[in-house]
Amino acid sequence: MDIVYESPFGDVWPLAAGHRGVFIKENSLDDLCGDSEDVSTSPTGAPGQQFDGLNVKAMTGTLGCWVMEWEGDSLDEVSANFRSSWSRTQPGTLRAVSHTLGDVFTQVRLAKSMPPLPVDLREVDGYDLQFSVIADSGVWWMNPLTGTGTVTVTNPGDVPVYPRIRWKGAGGKVTLPSGASFTLPAAQESRIVSLDNADSCAVVDEKGVLDRALWRALHPTVMPEGIPVGQSRTYTLPAGAELLWNIGVFDPWK
C-alpha cells in the first residue's frame with residue numbers, strides 16, 4: 001500500500017515507496033476507519049426502534065513509523081523536519097491507495113502532541129515513532145468526480161454527498177434535484193459554490209479563499225441539496241459550469 005502525508009505547510013512525506021527517511025512500519029496503521037452511532041426513535045407502545053440514520057464520529061488512529069537518517073540529512077534533521085510537518089490544529093492530508101477504490105484521502109491532525117524523543121539521536125541510526133491522529137471528517141474520500149450539463153449522481157458510499165459547482169463566465173440557471181433553482185452570477189475567474197449547508201453554501205476561489213461578494217450575491221437563493229446514501233439525484237447546470245463530488249467511505253480497504 002502506498003501512503004503519502006502532505007503537511008498543512010506544503011511538505012510531502014512518502015511513507016512507503018520512495019520515503020525520505022520516515023516510513024510506515026508494516027501493520028502499523030491502526031484503526032483510522034469510520035466510526036458512527038445509530039440515530040433512532042422508539043415509537044411509544046411499539047416494540048423495537050426505527051432506524052433514522054447515522055451520527056458519524058471523527059476517525060482516530062495510530063501511525064507507527066521508523067525514523068532514520070537519509071541522503072545527507074542527519075537523524076536529528078529528519079526527525080525535526082517530520083515532527084514539524086504535523087500540527088495539533090491544522091490538518092494535513094493522508095493519501096492512500098485502496099486496491100478496490102483507488103486513491104483515497106482524509107485530512108488528519110495530531111490527536112495529541114507527539115511523544116518525546118526516546119533516545120539521544122547522536123548515538124543511534126534510527127528510532128520508532130508512534131503517534132495518534134484524528135480525522136475530523138470521519139471518512140475517507142475518493143477522488144472527485146465531475147460532470148457537465150444534466151448530471152445524475154449516484155452515492156454508493158457511507159455518508160451523504162453534497163456536490164460543489166465550479167463555474168466561470170456568464171453563469172446561468174442551476175436546477176436542483178427537488179426542482180428548485182438558482183442563478184449563478186457572472187464570474188471572471190473560476191469560482192466554486194458548495195451545496196452543503198455545513199459550509200454555509202460558501203463561494204471560494206480555486207485556492208479555497210472565500211469570495212465574499214459572490215457569496216453575498218448567491219446566498220439569498222442558493223439551497224443545499226445532496227444525495228442520500230444508496231440513492232441518485234440529478235442536477236442541471238448552465239454552460240461553463242461543472243458539478244464536482246466526492247464519495248465518502250468508512251473503510252477504504254473493503
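## A buried arginine

Let us start inside the chain of this predicted model. Arg-191 is part of strand β16, which covers residues 187-194. Is this arginine buried or exposed? With a relative accessible area of 17%, Arg-191 is buried, because the cut-off for that word is under 20%.

Which residues does Arg-191 touch, once its neighbours within four places in sequence are left aside? The list is Ile-165, Arg-166, Trp-167, Val-203, Val-204, Asp-205, Asp-211 and Leu-214. One of these partners, Trp-167, belongs to strand β13, made of residues 164-169. Trp-167 counts as buried too, at 1% relative accessibility. Along the sequence, Trp-167 and Arg-191 are 24 residues apart, yet in space their C-alpha atoms are 5.6 Å apart.

## The chain as a whole

Now take a step back and look at the full picture. The chain has 254 residues, and 39% of them count as buried. Its secondary structure consists of 20 strands and two helices. If you drew a box around the C-alpha atoms along the principal axes, it would be roughly 70 × 60 × 30 Å.

How much of the contact network links residues 24 or more positions apart? Among contacts in the chain with a separation of 6 or more, such pairs account for 66%. The accessible surface comes to about 13400 Å², and carbon and sulfur atoms make up 49% of that area. As for charges, the chain carries 19 positive and 31 negative ones, and the mean positions of these two groups are 9 Å apart.

## Rings that meet

Here is something worth finding on the structure in front of you. A pair of aromatic rings is described by the distance of the centres and the angle of the planes. Searching the whole structure turns up six aromatic pairs. In one of them, Phe-82 and Phe-131 meet edge-to-face, with 6.1 Å from centre to centre and 70 degrees between the planes. Why does this pair tie together separate parts of the chain? Phe-82 sits in helix α1 (residues 75-84) while Phe-131 sits in strand β9 (residues 126-135), so the pair joins parts that are 49 residues apart in sequence. Phe-82 is buried at 0% relative accessibility, and Phe-131 is buried with a relative accessible area of 3%.

Phe-131 has another ring partner, Trp-86. This pair is also edge-to-face, with 5.0 Å centre to centre and 70 degrees between the planes. Trp-86 is in the loop between α1 and β7 (92-98), and it lies 45 residues from Phe-131, so distant parts of the chain are linked here. Both Trp-86 and Phe-131 are buried. Which residues do the ring pairs link into a cluster? They are Tyr-5, Trp-13, Phe-82, Trp-86 and Phe-131.

## Charges over rings

Rings can have charged neighbours as well. The charged end of Arg-20 sits over the ring of Trp-13, 3.8 Å from the ring centre. Trp-13 is also one of the members of the ring cluster. Elsewhere, Arg-95 lies over the face of Phe-105, and here the distance to the ring centre is 5.1 Å.

## Asp-2 and its company

Arg-95 appears again when we look at the start of the chain. Asp-2 lies in the segment before β1 (3-6), and at 35% relative accessibility it counts as partly exposed. Not counting residues up to four places away in sequence, Asp-2 touches Ala-16, Ala-17, Arg-95, Ala-96 and Val-97. How far apart are Asp-2 and Asp-103 in sequence and in space? They are 101 residues apart in sequence, while their C-alpha atoms are 9.4 Å apart.

## Two residues with a positive phi

The last stop concerns a backbone angle. Most residues other than glycine have a negative phi, and most peptide bonds are trans. Asp-31 is not a glycine, yet its phi is positive, at about 65 degrees. Where is Asp-31 found? Its place is in strand β3, residues 22-31, and it is partly exposed, with a relative accessible area of 46%.

Glu-71 likewise has a positive phi without being a glycine, in this case about 45 degrees. Glu-71 is in the loop between β6 (59-68) and α1. Is Glu-71 buried or exposed? At 71% relative accessibility, Glu-71 counts as exposed, because that word applies over 50%.

Technical notes
Residues numbered from 1 in each chain as written. Predicted model: local features only at pLDDT ≥ 70, side-chain atom pairs only at ≥ 80, totals over all residues. Heavy atoms only, no water. Helix = DSSP H or I, 4+ residues; strand = E, 2+ residues; numbered from the N terminus. Buried < 20%, exposed > 50% of the residue type's maximum accessible area, 1.4 Å probe, protein only. Contact = heavy atoms within 4.5 Å. Areas by Shrake-Rupley, 256 points an atom, 1.4 Å probe, with all protein chains shown as cover. Lys, Arg positive; Asp, Glu negative; His and termini not counted. Charge placed at Lys NZ, Arg CZ, Asp CG, Glu CD. Phe/Tyr/Trp six-rings, centres within 6.5 Å; stacked < 30°, edge-to-face > 60°. Lys NZ or Arg CZ within 6 Å of the ring centre and 35° of its normal.
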